[in-house]
Amino acid sequence: MSSGKKSSFWKKVRTAAVDKTRGLSQYGTSGSSGSLSASSAAATASSATASPVVSRAARAPTIHDVDFTKPELQVKGIFGTEDSPDNIQCDSGSSTIKSATLHKLVERVTHPRSTDPKIMMAFMLSYRSFTTGAELIDVLSERWRCEPAIGEPTEEFDVRIARPIRLRVANLVKAWINKYSNDFRDDPDLVKRIRVFLQEVVKPDMASTAIMFEKNLDKALEDDTSTNIHLDQKKMNQAPNPKVPAPKMGSLSLLDMHPLEIARQITLMEFKLYRRAKSWEFLGLAWTKNNGADAPNVLAMIHWSTRMSLWVATEILRGRGAKGKVKVISHFIKVARHLKELGNFNGLMEIMAGFENSAVHRLKPYWDAVPEKHMRMFEHVKEVMEPKKNYAAFRAYLKQVNPPTIPYVGMYLTDLTFMEEGSPNKTKEGLINFMKRAQIAAVISDIQQYQQTPYHLKSVMVIQDYLTHAQVLEEEAMYKISVECLPRGVKNISLKELELTGVDSADLAEQERSQEVDFGELEEVEGYVFYESDGPHNLELRDEGNESGMTLVAGSLYKLIEHLTGLKRPSLAYVETFLLTWSTFCTAEELIKLLRMRYNIPFPKKQSSAIIAKYTKAVQFPIRLRVLNLLKTWLNKYYHDLPHLGDTLVLIEAFLQEIKNDGPVMRTTVEQILPPLQRLKQGNLPQPKVDPGEPPIPLFFSGKKSQQFGFSEIPEKEMARQLTLVDQELLHSLRTGELLAYVREHSTSDKSEHYQGMLQASPDLDAKITSAIVHRGTLFYRWVHTEVLRENTVDSRASKIERFLKVAYACLQLRNYNSVGLLMSALESEELSMLQATWNLVSRSQETQEHFKELKKVSSCLRDRSQFFSSVIGVGRRFEEAAIPPLHLFLDSLQTVENSSPDVKDVAIEEDGDDSEKAYLICFEKRRKQAEILADVIATQQRAFSLKPVEQVLEMLNNLRESLWDFAAIATRVTELQEEEEHF
């Protein structure tokens, strides 16, 4: 037989043998990894023992002589233990391991007939969570030296069982050294143990393999790829030229650096940190225990990310003036875009976290002033990092990105936390929960795959030094600066208006000090009430102990108006608080009378022309202008109650007509105030801004009257739209004074006699709209229960619940959080929860489950006003789109303030040592809390949805109450159905 034919013959024989063993030649991982095959192992074994050449008849049997169709031979010792629920548990109908002992796991990873590379990967990435490297080597030694059970043929066992097992163990050790070499770099004891294992266990059977493994181990220990990043020199030569900042006198600033180069240098610095993280640092939440001692690199990444987000916020707040801060925000938006393009999503999330910092997040006027093109850029990068549905958008986007990449590490840490806390490490039988380890290993594998490809970018040390040593402010210090830029409670103001107030200016205090001149006593004018000096009997101030100065706690009505129209510019929060809450302590007529009096401030008793001229310029003119500006602000921004207060507008107009000839400045100011006043008199209130885009075409058309069709005939989306229009009408009809009147009427706190007098003096505002909001929850409850409970079968009731869930989800997409909260509250009622059989038939589709989960998550945030605005409404977008908050939150929050805070403070007035009289000061702290809530009401009223009304549906919704069951009927029906469903 020729050598060519012989070769072909043996090739066929080997192929047949492989077929019989169902792939025995693949005991090692095939391909370029250089795995050990059965034939190469046999050759290695023969060379190791240096056996003399013997005849075919005398030699020991080889793999080609064994009949592999025979039953499996038994192994002696612990690896010969049969599978049972006490040592291994798998998924029914599959070989997927759920839990097992350590020996059973090693047995599966080194099985002689078949193995799964995924199991080996999961085992090697997670073994440190249930054993040690030293114990694993001991178990592998035991596995290598397997012996046949009593009665098994030794030679056949060696070929069919022992050699394949040793091949499997060798492949596992090879992977350990080559792919998971980090395990050895920081553990000298483990290195000694693996060397002993190679010399004493492997070498006697596979000498060349042991030598090769030792060389690989030495190479891996010398070359730490986690810290030594090997760059392709050709790619480095092609790397883009860096945009180095131009030399300048003084220190480098953020705006001196190109946003692209900032992104590049952040990426280079972060990839070094990311590359160093070892697989075991992600096991067992190691970064949260022992101060992160077992996860130093993960902890370093966490600290870096925290510092970077604080740095972003610090840079924004330290921007020079209002416009400077806007420039910094725009600069960081550009940096964020470049980080996205570079695939550094961890850095991108740091920028986003800086934007979300409460000290930056609250600066709405600054965000509003960011150029539109930059805000569009911001929205694009924000969409990628949207945390909804467990970062579903980002996970999908990440799959499309080619390395190099730095994924958002926080997402993985969240995943691992969920897995670690969601299931135990061991089962109740004491077995290792391997399914949990496999899930964790899959996450670690994802992390590791992005560590392999480095960035080919050039370092710019001046920028990296800046990033390393840049000052970062503490949270408290940042918030203090933020409040100085935008005082608490100030909302609905543009950056231009903010700049005019000078709150973001350094020379304001000096300007105000220059106006403080003592002109002596004023002329006595009958009825003038603004003579009194400040004192405990008419004003209470609190020193905040910081640069924000004194806070007005309480005061008489005269003192509140005096400070509101004084020489010192009042804070925007003070103005807003007063104009939103004045109806709780005086009437409109009284307020206008006092403003008129304040405008006509008396002259000094010293009547020299020089003093009068100076007084007119330094005192009278500023105070008069303050009065007019207060009226202007009232009519332009806080006008909502004015058309409903009788002759109030007539009184204001008469006052303006009297003073319009008091000089050119006053005339110009009056001319600016009169147009909005005339519009209010005619009932032409400013209209909310409608969301852009054409309204969608209605999905429901019917020639029937509203009484002739029902809830089930209207598409869920259209029902949500019409509910939104109804809620929008309620919201836009709501008046701040009406809300205050309602909570005042329903207050549970004791009121003093003086306060009762204030109530009688304050305007009597009809609370019809507020009452409708209060009773809307009851209406929805009865509506949902009537629709569901009137169905006669479990299937139809489940179908009706599904429809309501779809309507609620459609409302959520429309940002109608009011209807979302009301519908979910009704659906999750105690009564409906009793119908278990009905709920069990509600669709279990993935889409329905995801929608229900999202609805429950959002509805849990609808019970608290601050939580709603912080969790549901995003940074930079507060009230920029039409939205309907849960209207009851406004009422609940106001009622809490009303019930828990006093309206007036009783102050004793000492007269000759007797405390015989008391002064009653208006509690302004309470009004400040109320104004913060009312400002949110006004802000939400500024936008409107672009939707078309369907009159028939609106008529049906407005007439709902007529066809709904009462509470007694609902309770009776639930009892009947509960008994019925128990037998379902």
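**Close-up 1. An aromatic cluster with a charge over one ring.** In this predicted model, Tyr 528, Phe 530, Tyr 531 and Tyr 558 come together as one aromatic cluster. One member of the cluster, Phe 530, also has a charged partner: Arg 598 lies over the face of its ring, 5.4 Å from the ring centre. The cluster belongs to a wider picture, since the whole structure holds 28 aromatic pairs.

**Close-up 2. Phe 355 meets Phe 378.** The two ring centres are 5.5 Å apart and the planes stand at 70 degrees; anything over 60 degrees counts as edge-to-face, so this pair is edge-to-face. Phe 355 belongs to helix α14 (residues 345–356) and Phe 378 to helix α17 (residues 372–384), so the contact ties together parts that are 23 residues apart in sequence. Are these two residues buried or exposed? Both Phe 355 and Phe 378 are buried.

**Close-up 3. Phe 711 meets Trp 783.** Here is another edge-to-face pair, with 5.6 Å from centre to centre and 80 degrees between the planes. Phe 711 sits in the loop between β6 (689–690) and α31 (716–733), while Trp 783 is part of helix α34 (residues 768–789), so the pair links parts that are 72 residues apart in sequence. Phe 711 and Trp 783 are both buried.

**Close-up 4. Arg 143 over Phe 79.** For anyone who likes to look at cations and rings, this view shows the charged end of Arg 143 placed over the ring of Phe 79. How far is that charged end from the ring centre? The distance is 4.9 Å.

**Close-up 5. Helices α27 and α29 side by side.** Two packed helices are described by the angle between their axes and the distance between the axes. For α27 (residues 588–599) and α29 (residues 648–659), the axes come within 9 Å and cross at roughly 10 degrees. That angle makes α27 roughly parallel to α29. From α27, the contact takes in Ala 588, Glu 589, Ile 592, Leu 595, Arg 596 and Tyr 599. Facing them from α29 are Thr 648, Leu 651, Ile 652, Phe 655, Glu 658 and Ile 659. By type, the contact residues of this helix pair divide into 8 nonpolar, 1 polar and 3 charged.

**Close-up 6. Helix α3 in its surroundings.** Of the 8 residues of helix α3 (residues 102–109), 7 are buried, so the helix is largely enclosed by the rest of the structure. The buried residues are Leu 102, Lys 104, Leu 105, Val 106, Glu 107, Arg 108 and Val 109.

**Close-up 7. Backbone angles in one loop.** Most residues other than glycine have a negative phi, and most peptide bonds are trans. Leu 285 has a positive phi, near 55 degrees, and is found in the loop between α11 (259–276) and α12 (296–317). Asn 290 also has a positive phi, of about 50 degrees, although it is not a glycine, and this residue too is placed in the loop between α11 and α12. Which way does each one fall, buried or exposed? Leu 285 is buried, with a relative accessible area of 10%, whereas Asn 290 counts as exposed at 59% relative accessibility.

**Close-up 8. A cis peptide bond between two prolines.** The bond from Pro 403 to Pro 404 is cis, with omega near 5 degrees. To find this spot, go to the loop between α18 (388–399) and α19 (409–422), where Pro 404 has its place.

Technical notes
Residues are numbered from 1 along each chain as its sequence is written. This is a predicted model: local features need pLDDT of at least 70, side-chain atom pairs count only at pLDDT 80 or more; totals for chains, interfaces and linings use all residues. Side-chain values use heavy atoms; hydrogens and water are left out. Axes are lines fitted to C-alpha atoms, for helices over the stretch in contact, and angles run from 0 to 180 degrees between N-to-C directions. Helices (H or I, at least four residues) and strands (E, at least two) are DSSP runs, numbered from the N terminus. Angles under 35 degrees count as roughly parallel, over 145 as roughly antiparallel, 65 to 115 as roughly perpendicular and the rest as oblique. Contact means heavy atoms within 4.5 Å. Ala, Val, Leu, Ile, Met, Phe, Trp, Tyr, Cys and Pro count as nonpolar, Asp, Glu, Lys and Arg as charged, and the others, Gly among them, as polar. Rings of Phe, Tyr and Trp (its six-membered ring) pair if their centres lie within 6.5 Å; planes under 30 degrees apart count as stacked, over 60 as edge-to-face and the rest as tilted. Buried means under 20% relative accessible area, exposed over 50%, partly exposed in between (1.4 Å probe, protein chains only). A charge sits over a ring if NZ of Lys or CZ of Arg is within 6 Å of the ring centre and within 35 degrees of the ring normal.
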